[in-house]
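Biologist: Please take a close look at the charged side chains in this model and go through how they pair. Then set that part against the rest of the chain.

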Amino acid sequence: MLCLFRGESYRLKRNKSFYICMASMAAFILMMYGMLLLVDSISIGSMENGSGGVVVSGEMLEAGESIWNSVGMMDVLGQVFSGNGFSLILAIFVSIFVVREYSCGTVKNIVGKGYSRTVIFFTRILTVNLAALLLMAAGLCVTLLCGLIFMGKGAFSGIFWQNLAGYVLAQALLSIALATVLTAISEAVRNLAAGISIGIAASVFFGLFLNGLDLLLAKTGFTISRYWLVSRSSTCPVE
C-alpha cells in the first residue's frame, strides 16, 4: 500500500489540475481582498459610493472609518474557508483527479499488478485528503500574506494564533471528511462531467436543499442542515 501511495502522490505532484485549482484558490482570495479594498476606499471617501457596483451602507459612510478597523484577520479566514469557494474548488479537483484514472485505464493496470480495489480506494482517499490539506495550506498562506500587507502586523496580535490553530484544525477535519465524500461520489460515478456536476451540487446546492427541509421540519425543532459538512464548515466559529 505504501508503494501505491507513493505512486498516487507522484501522480498528484504531476497533476496540472491540482496546480490550477491552487491558483484558483489564490485568485479567489485576492479577489476577496480586492473587494475589501474597494469598500475601504468608498468608506473613507477616496472613491464614490457605488463604484464597481459596490454600495456601502450609510452608517459606514457617516463614520468615515476604514473597514480594516472592523474586519479582523479571522473574519477574512472565515469568509475564505467557511463559504462555498473552497468546497467548490475542492469538488472540481477531486472529480478530475479520481475520474481521470478510469478514463485513462490506470485502474486496470493497478489491479493487474495484484492490488485489490479496496486498497486502491483507500489509497486514493489518502491522496485526495493530502491534496485537500495542501489546497487549504496554500489558501491559508495567501490569506495571511495579504493580511500582513493590507492590515499590518496588528492583525496578528492578541490571541490570534490561538484562535487560528483551533480554527484551522476544525476546518482541516471538515475538509478531509468532505474530500472523502467527494471521492466516494466520483468513484461511484466514474464520469468526468457527471462527477463535476454532482460534486458542485453537493458542495454548493445541497445545503440549500437541506435548508428547505429545515423549513418543512421547523415545527419539530430538528435542523437537518446542521449535520451537512459544508454547513458545519460555514458555521465554524472563528474565535
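Modeller: E8 and R124 form a salt bridge, in which the closest N and O atoms are 4.0 Å apart. This pair joins distant parts of the chain, with E8 in helix α1 and R124 in helix α7, 116 residues apart. The model is a predicted one, and the distances quoted here should be read as those of a prediction. Side chains of opposite charge can pair when their charged atoms come close.

R124 also pairs with E187, where the N to O distance is 2.4 Å. Here too distant parts of the chain are linked: R124 belongs to helix α7, E187 belongs to helix α8, and 63 residues separate them. E8, for its part, also forms a salt bridge with R11, with 3.3 Å between the closest N and O atoms. That pair stays within helix α1, where E8 and R11 are three residues apart, about one turn of the helix. The count for the model is three salt bridges, and E8, R11, R124 and E187 are linked by salt bridges into a network.

The next point is whether these charged residues are covered. E8 counts as buried because its relative accessibility is 3%. R124 is buried as well, because its relative accessible area is 1%, and its partner E187 is likewise buried. R11 has a relative accessibility of 19%; the limit for buried is under 20%, so R11 still counts as buried. For contrast within helix α1 (residues 2–13), take K13. K13 counts as exposed because its relative accessibility is 57%, and exposed starts at over 50%. K13 lies 118 residues from A131 in sequence, yet their C-alpha atoms are 9.5 Å apart.

Helix α7 (residues 117–151), where L145 is placed, also holds T143. T143 counts as buried because its relative accessibility is 0%. Leaving aside residues up to four places away in sequence, T143 touches I29, Y33, M73, V76, L77 and V80. L145 belongs to a nonpolar surface patch of about 370 Å², which it makes with L148, I149 and F150.

Helix α8, which holds E187, takes part in the lining of two spaces. The largest pocket has a volume of about 210 Å³. Elements giving two or more residues to the lining of that pocket are α4 (73–82) and α8 (160–189). The lining comprises 17 residues, and V71, G72, M73, M74 and A155 lie nearest the pocket centre. The largest share of this lining, three residues, comes from α4. M73, one of the residues nearest the pocket centre, is also among the residues that T143 touches.

The other space is a cavity. The model has one cavity of 30 Å³ or more, and the largest cavity has a volume of about 80 Å³. Its lining includes F81, F86, Q171, L174, L178 and L229. Helices α5 (84–103), α8 and α10 (229–234) each give at least two residues to that lining, and α8 gives the largest share, four residues.

These details sit in a protein whose secondary structure comes to 10 helices and zero strands. Of its 239 residues, 41% count as buried. The links between distant parts of the chain seen in the salt bridges can be set beside the contacts as a whole: among contacts between residues at least 6 apart in sequence, 77% join residues at least 24 apart. The protein exposes about 12700 Å², of which carbon and sulfur atoms supply 66%.

To return to the request, the charged part is a salt-bridge network of E8, R11, R124 and E187. In that network R124 of helix α7 is linked to E8 of helix α1, while E187 of helix α8 is linked to R124.

Key. Residues are numbered from 1 along each chain as its sequence is written. This is a predicted model: local features need pLDDT of at least 70, side-chain atom pairs count only at pLDDT 80 or more; totals for chains, interfaces and linings use all residues. Side-chain values use heavy atoms; hydrogens and water are left out. Buried means under 20% relative accessible area, exposed over 50%, partly exposed in between (1.4 Å probe, protein chains only). Patches are made of residues with over 30% relative accessible area and no salt bridge: like charges are joined within 9 Å, nonpolar side chains (Val, Leu, Ile, Met, Phe, Trp, Tyr) within 5 Å. Accessible areas come from the Shrake-Rupley method with a 1.4 Å probe; for residues, only the protein chains shown count as cover. A salt bridge is a side-chain nitrogen of Lys or Arg within 4 Å of a carboxyl oxygen of Asp or Glu. Contact means heavy atoms within 4.5 Å. On a 1 Å grid over the protein atoms alone, a cavity is a set of points where a 1.4 Å probe fits but cannot get out, and a pocket is an open set with protein on both sides within 12 Å along at least five of seven lines; lining residues have an atom within 4 Å of a point. Grid points are joined across faces, edges and corners, and a volume is the space filled by probe spheres set on the points.
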